[in-house]
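Colleague: I have a new structure open on my screen and would love some help reading it. Could we go through it together, one question at a time?

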Amino acid sequence: MDFNSACEKAKAFTKKPTNDEFLEFYGLYKQATVGDCNIDKPSVTDVVAKAKYDAWQRHKGMSQDAAKQAYIATYQKYAPKYA
């Protein structure tokens with residue numbers, strides 16, 4: 001399976017992953033497609049934006065190829081539960 005296929009299949013999950021699981025996907029997706037976080041840290045009052053920022057920051061220094069492989073592995077971990 002390649003990264004793009006995993007992304008499309010994850011978007012097509014029939015059930016919604018938990019917030020923590022979503023953030024796991026989000027952080028790896030951003031690292032895989034953009035690289036290290038390149039935005040300013042959001043305000044503490046913007047809880048959703050801060051959670052997304054933190055999820056992306058967790059992967060700082062990971063190569064984009066490694067993030068793609070980790071995303072695929074994460075998809076495979078959750079697919080039986082949500083596909």
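Colleague: Which helix is included in what covers the buried residues of α3?

Modeller: Happy to help, and do keep in mind that this is a predicted model. Helix α3 spans residues 47–57, and its buried residues are K50, Y53, A55 and W56. Among what covers these buried residues is α2.

Colleague: At roughly what angle do the axes of α2 and α3 cross?

Modeller: Two packed helices are described by the angle between their axes and the distance between the axes. For α2 and α3, the axes come within 8 Å and cross at roughly 60°. That makes α2 oblique to α3. The crossing is right-handed, and the angle you asked for is roughly 60°.

Colleague: How many charged residues does the contact of α2 with α3 have?

Modeller: Let's start with who meets whom: α2 brings F22, L23, Y26, G27, K30 and Q31, while α3 brings A51, K52, A55 and W56. Sorted by class, 6 of the residues in this contact are nonpolar and 2 are polar. The number of charged residues is 2.

Colleague: Turning to α1, do its buried residues line one face of the helix or opposite faces?

Modeller: The buried residues of α1, which covers residues 3–11, are F3, A6, C7 and A10. Seen down the axis of α1, they fall within an arc of 100°, so they line one face. As a general rule, an α-helix has 3.6 residues a turn, so residues three or four places apart point the same way. The answer for α1 is therefore one face of the helix.

Colleague: Which exposed residues sit on the face of α1 turned away from its buried side?

Modeller: The buried side of α1 packs against α2 (19–33) and α4 (64–82). The face turned away from that buried side carries two exposed residues, N4 and E8.

Colleague: How far apart are the axes of α1 and α2?

Modeller: In α1, F3, C7 and A10 meet F25, Y29, A32 and T33 of α2. By class, this contact has 6 nonpolar residues, 1 polar and no charged ones. The crossing is left-handed. The two helices pack at an angle of about 145°, and their axes are apart by 12 Å.

Colleague: Now for the loops: is K15 buried or exposed?

Modeller: K15 lies in the loop between α1 and α2. Leaving out residues up to four places away in sequence, K15 touches K81 and Y82. Its relative accessibility is 52%, and the cut-off for exposed is over 50%. K15 therefore counts as exposed.

Colleague: What separates the C-alpha atoms of K16 and Y82?

Modeller: K16 is found in the loop between α1 and α2, and at 71% relative accessibility K16 counts as exposed. For K15, the C-alpha atom is separated from that of Y82 by 5.1 Å, although the two residues are 67 apart along the chain. K16 and Y82 are 66 residues apart along the chain, and their C-alpha atoms are separated by 7.0 Å.

Colleague: And is H59 buried or exposed?

Modeller: H59 lies in the loop between α3 and α4. Setting aside neighbours within four places in sequence, H59 is in contact with G27, L28, Q31 and D36. The relative accessible area of H59 is 16%, and a residue under 20% counts as buried. So the word for H59 is buried.

Methods
Residues numbered from 1 in each chain as written. Predicted model: local features only at pLDDT ≥ 70, side-chain atom pairs only at ≥ 80, totals over all residues. Heavy atoms only, no water. Buried < 20%, exposed > 50% of the residue type's maximum accessible area, 1.4 Å probe, protein only. Helix = DSSP H or I, 4+ residues; strand = E, 2+ residues; numbered from the N terminus. Arc of directions from axis to C-beta. Contact = heavy atoms within 4.5 Å. Axes fitted to C-alpha atoms, helices over the stretch in contact; angles between N-to-C directions. Parallel < 35°, antiparallel > 145°, perpendicular 65-115°, else oblique. Left-handed = near helix turned anticlockwise from the far one by under 90°. Nonpolar A, V, L, I, M, F, W, Y, C, P; charged D, E, K, R; others polar.
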